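Dear colleague,

I am handing over the structure below, and after it I set out what was found, so that you can follow the text with the model open beside you.

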Amino acid sequence: MPSFRHPILREHAQDLERAYDAWYCLTGEATKRKYLPAEPAEPPNAYEGRLGRAVFADFFKAGIEAFAGVLSRSDLVNPPPTFEKAKDNIDLEGNSLEAWWLTVDALCLRDGGVPVLVEMPDGKPTDGASEAALKRRPYLVSRTRSTCLNWRTAIINSVEVVTRCTFLEWAEVDSPDGDFGVIYEERYRVIEAGKWTLYKLTKQADGRLTIDEVSNGQYLDAKQKPLPICPVVWYPAEKAGFGKGGQPLRQVVEHSIEHFQMRSDLKEKTHKCAMPVPVRKGAPPPMPGQAVTPLVIGPNTAVDLDKDGDFFFREPSATSLAEQREQIKEVEELINQQLLGFLSGDSKITKTATQAQLEGGRTQVSIKSLGERKKSAMQSILAIWCLYTGEELPVGAGLTMDENAFVPPLDAQGAKALMDLTGGEPLISQESAVEELQRGGFNRATSSVEDELERIRKERPTLGAPTPGRNDTTTPPDLSTPLDEVEPTAAA
């Protein structure tokens, strides 16, 4: 069946599901119930209230966005002309290449890998002119790892090559219950070298499942021949074969869920312990057959007490709350360490210089290795693109990562130290300073560096003629006359 799931996918299925839930902050009551089950003998109303008060902290997604922001510091170098022309709408959905990579990088860090398809619209134009008229060109499609159900690979020239992939899709079809209803059906797209086929599973009356072909098509190269390879590129977060590789931030998911559960317990204890309980001491029990007299408390009521009776409020003991708060802080520190300081920088943790240097080196290596795999995936994408268009792949085509992307940013103290070493000489131009202020959000009045520099020039006071110095009116000597022939002046 095309719905068969690869053993490697089944191995990572639970982790992928937890990462998906953490990515969307456990949206929905049903999702929260998976991680906050009801306690034994817990009343339903109390359980629903506990679920409603539980809030998931967004450590996971924020940390991944920080990683993806660093990986986005790349430039496209020497691409094929058709790719350069299409980079502003690389997926035929209006997304530029930069925006598309931001999404793909985040999915790669979340799931441990992303399958990327280099697609081509259906049709068989007879020549390049008709293809240009139809505006047919390749485009990029990213899928999630969990929808890549099964695949096959082969070793060709000592290199593992994917030969077939099956992706799960959902098709919206009309509902038989009315004109406005819709239902979703599962479809299975099988991609191979030179062709694709779309299937669906139909349940028969006797319970058997049958495979029905919905549609099919071909992947044709520039010579209108079947594409010799399967147009799917695997972009992993770590060095691994197709469909393989672990999630680099798996422990962040685990600790984020642990943090969610511990905060829920703390909030529930605080909710109960912060509620004072009225205590009436010495009140006699009601006579047999009589109802209990209700206790009314307010500014306009009074409480009658018997002799030696007492009335007071008592709060439950909350000695364990302080310890639980400390445990939550420890979990937050673990999350920050797993995120390598991108989210909060571990600013509250005192570290030695050696510890800070080691963590900075670890961060640099992690980002650099991800950047190298991103460059490799881009080269594979361009190679398949050129098979469609018939262009020759230029030497060195692909992505170049910003060298400064792997270096931690210089803080204000370090910048001041460099200025002191130069004796206070300026090390940054006015244009660069304005650009950094705008990028950091300190100057929102103007939207471009040129506008801000124009304002500075207009507000700068107009300078008059310079004041002449005492030597400015002195007639310069005639250098053509020998020095011993110049007559001495009175001043001399």
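Which residues lie nearest the centre of the largest pocket, and how many residues line that pocket? Please keep in mind throughout that this is a predicted model. The lining of the largest pocket comprises 21 residues, and those nearest its centre are Glu160, Val232, Val233, Trp234 and Ser380. The volume of this pocket comes to about 550 Å³. Three elements each contribute at least two residues to the lining, namely strand E5 (159-174), strand E9 (232-236) and helix H10 (353-389), and of the contributors H10 gives the most, with seven residues. Sorted by class, the lining of the largest pocket consists of 14 nonpolar, three polar and four charged residues.

Besides the pocket, the search for enclosed space gave one cavity of 30 Å³ or more. The largest cavity has a volume of about 40 Å³, and its lining is formed by Leu9, Arg145, Cys148, Trp151, Trp234 and Gly243. Four of these lining residues are nonpolar, one is polar and one is charged. You may wish to look at Trp234 with both sites in view, since it is named among the residues nearest the centre of the largest pocket and also belongs to the lining of the largest cavity.

Turning to charged contacts, the whole structure contains 18 salt bridges, and I describe three of them here. In one of them, the side chains of aspartate 15 and arginine 250 meet with a distance of 3.0 Å from N to O. Aspartate 15 belongs to helix H1 (residues 7-23) and arginine 250 to helix H8 (residues 250-273), so this salt bridge ties together parts of the chain that are 235 residues apart in sequence. Aspartate 15 counts as buried because its relative accessibility is 17%, which falls under the 20% cut-off, whereas arginine 250 is partly exposed, with a relative accessible area of 32%.

A further salt bridge joins glutamate 254 to arginine 18, with their closest N and O atoms 3.2 Å apart. This pair also links distant parts of the chain, as glutamate 254 is in helix H8 and arginine 18 is in helix H1, 236 residues apart. Glutamate 254 is partly exposed at a relative accessible area of 24%, while arginine 18, at 18% relative accessibility, counts as buried.

The third salt bridge to mention is the one between glutamate 42 and arginine 50, where the closest N and O atoms are 2.9 Å apart. Glutamate 42 is buried, with a relative accessible area of 19%, and arginine 50 is likewise buried, with a relative accessible area of 6%. As for how salt bridges connect with one another, those that share partners join Asp15, Arg18, Arg250 and Glu254 into one network.

Two strands deserve a look together. Arginine 280 lies in strand E10 (residues 277-281) and is partly exposed, with a relative accessible area of 34%; phenylalanine 311 is found in strand E11 (residues 310-314) and, at 23% relative accessibility, also counts as partly exposed. Although arginine 280 and phenylalanine 311 are 31 residues apart in sequence, their C-alpha atoms are 4.4 Å apart in space. For phenylalanine 311 and lysine 281, the separation is 30 residues in sequence and 5.9 Å from C-alpha to C-alpha.

On the surface, Met1, Leu209 and Ile211 make a nonpolar patch of about 280 Å². Of these, isoleucine 211 sits in strand E8 (residues 209-218) and is partly exposed, with a relative accessible area of 42%.

Finally, there are two backbone angles to check. Most residues other than glycine have a negative phi. Alanine 41, however, has a positive phi, near 60°, and is placed in the loop between helix H2 (29-35) and helix H3 (44-53); at 81% relative accessibility it counts as exposed. Leucine 92 likewise has a positive phi near 60°, and is found in the loop between helix H5 (81-86) and helix H6 (97-111), where it counts as partly exposed at 42% relative accessibility.

With kind regards

Methods:
Residues are numbered from 1 along each chain as its sequence is written. This is a predicted model: local features need pLDDT of at least 70, side-chain atom pairs count only at pLDDT 80 or more; totals for chains, interfaces and linings use all residues. Side-chain values use heavy atoms; hydrogens and water are left out. On a 1 Å grid over the protein atoms alone, a cavity is a set of points where a 1.4 Å probe fits but cannot get out, and a pocket is an open set with protein on both sides within 12 Å along at least five of seven lines; lining residues have an atom within 4 Å of a point. Grid points are joined across faces, edges and corners, and a volume is the space filled by probe spheres set on the points. Helices (H or I, at least four residues) and strands (E, at least two) are DSSP runs, numbered from the N terminus. Ala, Val, Leu, Ile, Met, Phe, Trp, Tyr, Cys and Pro count as nonpolar, Asp, Glu, Lys and Arg as charged, and the others, Gly among them, as polar. Patches are made of residues with over 30% relative accessible area and no salt bridge: like charges are joined within 9 Å, nonpolar side chains (Val, Leu, Ile, Met, Phe, Trp, Tyr) within 5 Å. Accessible areas come from the Shrake-Rupley method with a 1.4 Å probe; for residues, only the protein chains shown count as cover. A salt bridge is a side-chain nitrogen of Lys or Arg within 4 Å of a carboxyl oxygen of Asp or Glu. Buried means under 20% relative accessible area, exposed over 50%, partly exposed in between (1.4 Å probe, protein chains only).
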